[in-house]
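Subject: Structure for you to look at

Hi,

Here is the structure I said I would pass on. Have a look at it first, then read on for what I found.

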Amino acid sequence: MNIFFDVDYTLITWDYRLRPHTHDVLRRLQSEGHTVYLWSGMGKRWEVVERFALHDVIAGCFDKPLYNHVARLPELGVSVWPDYVIDDHAEPVEVFGGYHIPSPRTPLHEDDEMLRVYDHIQSHLARRTGEQEAAG
Ligand SMILES: [Mg+2]
């Protein structure tokens, strides 16, 4: 799948700290054949890729549509379809499917939401496979 992560309050905190387990989970998703992108309403966040050394696990950065999500993908240059999105705002998740992640917990080291993202993706894939088998 093409997996799109929002940035602010999804991968990083208000004070620019990375959510725990991010490297581990992104590496696992990549090794399972997924392609992971960042997108943000604040633009292409290469500075976040740079700051947290995510080059090996992030395939690209895009601008995220904040309204008319599907219709605006071409004008924003989003050239791949978001199969699954992770966002602290509900709307993109309602539109594309994915995981509505709560803001990072305090203290941050106790935040295990990235592990929940991984588990949710696994059950999403299992459900999808089940539907395909039932249809097929
Ligand atoms: Mg956000």
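Following the protein chain along its sequence, you get the pattern β-α-β-α-β-β-α-β-α. That comes to four helices and five strands. Keep in mind while you browse that this is a predicted model.

On the overall build: the C-alpha trace spans about 50 × 35 × 25 Å along its principal axes. The radius of gyration is 15 Å, which agrees with the value near 14 Å that a compact globule of 136 residues would have. Of those 136 residues, 47% count as buried. If you take the contacts between residues at least 6 apart in sequence, 60% of them join residues at least 24 apart.

Now the sheet. The five strands make an open sheet with parallel pairing, in the order E3-E2-E1-E4-E5. Strand E3 (60-63) and strand E5 (98-100) are at the edges; each has a single partner strand, so one side of each has no neighbour in the sheet. From one strand to the next, the twist averages 25 degrees.

Strand E1 is worth a click, as it has pairings with both E2 and E4. With E2 the pairing is parallel and runs over four bridges, and phenylalanine 4 has tyrosine 37 as its bridge partner in E2. With E4 (residues 84-87), E1 (residues 2-5) pairs over three bridges, again in the parallel sense. There, phenylalanine 5 has isoleucine 86 as its bridge partner. As for E2 itself (residues 35-40), the strand is mostly covered, with five of its six residues buried.

Next, the metal site. Which residues hold the magnesium ion on the protein side? The donors are Asp6 and Asp88, each through OD, and Asp8 through O, and they lie 2.1 to 2.2 Å from the ion. Their spacing in sequence is D-x1-D-x79-D. Two of these aspartates come out differently in accessibility: aspartate 6 has a relative accessible area of 4%, under the 20% cut-off, so it counts as buried, whereas aspartate 8, at 24%, is partly exposed.

The loop between E1 and helix H1 (22-31) is the other place I spent time on, and threonine 13 sits in it. Is threonine 13 buried or exposed? It is buried, with a relative accessible area of 6%. Its side chain makes a polar contact with the side chain of aspartate 15, at 2.5 Å. Leaving out residues up to four places away in sequence, threonine 13 touches Pro104 and Leu108.

Isoleucine 12 is in the loop between E1 and H1 too. It counts as buried, with 1% relative accessibility. Setting aside neighbours within four places in sequence, its contacts are Val7, Arg17, Leu18, Arg45, Val48, Phe52 and Pro104. Pro104 is thus on the contact lists of both isoleucine 12 and threonine 13. One more pair to look up in the same region: isoleucine 12 and serine 103 are 91 residues apart in sequence, and their C-alpha atoms are 9.2 Å apart in space.

That's what I have so far. Over to you!

Cheers

Technical notes. Residues are numbered from 1 along each chain as its sequence is written. This is a predicted model: local features need pLDDT of at least 70, side-chain atom pairs count only at pLDDT 80 or more; totals for chains, interfaces and linings use all residues. Side-chain values use heavy atoms; hydrogens and water are left out. Donors are N, O and S atoms within 2.8 Å of the metal (3.2 Å for Na, K and Ca); water is not among the atoms, so sites may look incomplete. Buried means under 20% relative accessible area, exposed over 50%, partly exposed in between (1.4 Å probe, protein chains only). Two strands pair if DSSP finds at least two bridges between them. Helices (H or I, at least four residues) and strands (E, at least two) are DSSP runs, numbered from the N terminus. Axes are lines fitted to C-alpha atoms, for helices over the stretch in contact, and angles run from 0 to 180 degrees between N-to-C directions. A polar contact is a pair of N or O atoms within 3.5 Å; within protein, one must be able to donate a hydrogen and the other to accept it, and residues adjacent in sequence count only if both atoms are side-chain atoms. Contact means heavy atoms within 4.5 Å. The radius of gyration is taken over C-alpha atoms; the globule rule is 2.2 Å times the number of residues to the power 0.38.
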